[in-house]
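Work through the exercises below with the sequence and the model at hand. Each task is followed by a solution in steps.

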Amino acid sequence: MHELRTQLEDLQTQIHKALKALDLEEKRHKVVQLDLVMQEPDFWDDQKHDQQISSEASHTRTFVAAWEKLQKDLQELLDLEPSVHSEEDPETAEEFSEMVATLQRDWRVLEIRTFLNGKYDDHSAILSIHAGTGGKDAQDFAEILMRMYLRWAEKHNFKVAILDQSSGEEVGLKSATISIEGEFVYGYL
């Protein structure tokens, strides 16, 4: 149980450092400001601009909610930890251990998303694969790459569309263009 307490304390330290760097209060304020802009009567006159603002508000709201949930879950586990004793109730101790592992996974996801703060990291992506002049081997490898990216996108529940595909003469493919849509696709790729 001491090991789990140490893990929770380490997580608490890491999360507090990240929250200082993120300035979550500023992000909350940004959501309020964007909501005010969206409530203006002429907001939907420029649909492209309005979709961009609406999308930004949605992403920021989701971001803030995820961090708030992480903080809440961490505090609940810290409060619950003193009452969990592995000797007295091994089933509860196992459940608590699973909850700590889940919190650690959630932290890793948020940590990675926090680092993905480049200009296009939160966008979808169009991926092009070209075999080049390597012959059959290069065409075969290009097809393997395409399958790899398609499986990766499926695993992460991203929307995939093959926009263009040119098969090789005997095996593989000469080139392919794939659209992968979802949050942070560009950053993950």
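**Exercise 1: a helix and its two sides**

The model is predicted. Start at the end of the helix: Asn 157, which follows α5, has a positive phi, near 60°.

Task: Compare the reach of α5 with the span expected at 1.5 Å a residue.

Solution. Helix α5 runs over residues 135–155 and has 21 residues. From its first C-alpha to its last it reaches 30 Å, close to the 30 Å expected.

Task: Determine which residues of α5 are buried, which are exposed, and what the buried ones pack against.

Solution. Step 1: take buried as under 20% relative accessible area and exposed as over 50%. Step 2: the buried residues are Ala 138, Gln 139, Ala 142, Met 146, Leu 150 and Ala 153. Step 3: these lie on the same side of α5, because they cover an arc of only 115° around the axis. Step 4: Asp 137, Arg 151 and Lys 155, on the other side of α5, are exposed. Step 5: the strands against which the buried residues pack are β1 (125–130), β2 (159–167) and β3 (173–181).

**Exercise 2: the nonpolar cores**

Task: Find the residues that touch the most other members of the largest nonpolar core, and trace the contacts of Leu 70.

Solution. Step 1: this core has 20 residues, and those with the most contacts to other members are Leu 8, Ile 15, Trp 67, Leu 70, Leu 74, Leu 103 and Trp 107. Step 2: at least two core residues come from each of α1 (2–22), α3 (47–80) and α4 (90–115). Step 3: leaving out residues up to four places away in sequence, Leu 70 touches Ile 15, Leu 103, Asp 106, Trp 107 and Leu 110. Step 4: another core, of 15 residues, lies apart from the largest one and includes Ala 142, Met 146, Leu 173 and Val 185.

Notes
Residues are numbered from 1 along each chain as its sequence is written. This is a predicted model: local features need pLDDT of at least 70, side-chain atom pairs count only at pLDDT 80 or more; totals for chains, interfaces and linings use all residues. Side-chain values use heavy atoms; hydrogens and water are left out. Helices (H or I, at least four residues) and strands (E, at least two) are DSSP runs, numbered from the N terminus. The expected span of a helix is 1.5 Å times one less than its number of residues. Buried means under 20% relative accessible area, exposed over 50%, partly exposed in between (1.4 Å probe, protein chains only). The arc is that of the directions from the helix axis to the C-beta atoms. Contact means heavy atoms within 4.5 Å. A nonpolar core is a set of buried Ala, Val, Leu, Ile, Met, Phe, Trp, Tyr and Cys residues joined through side-chain atoms within 4.5 Å.
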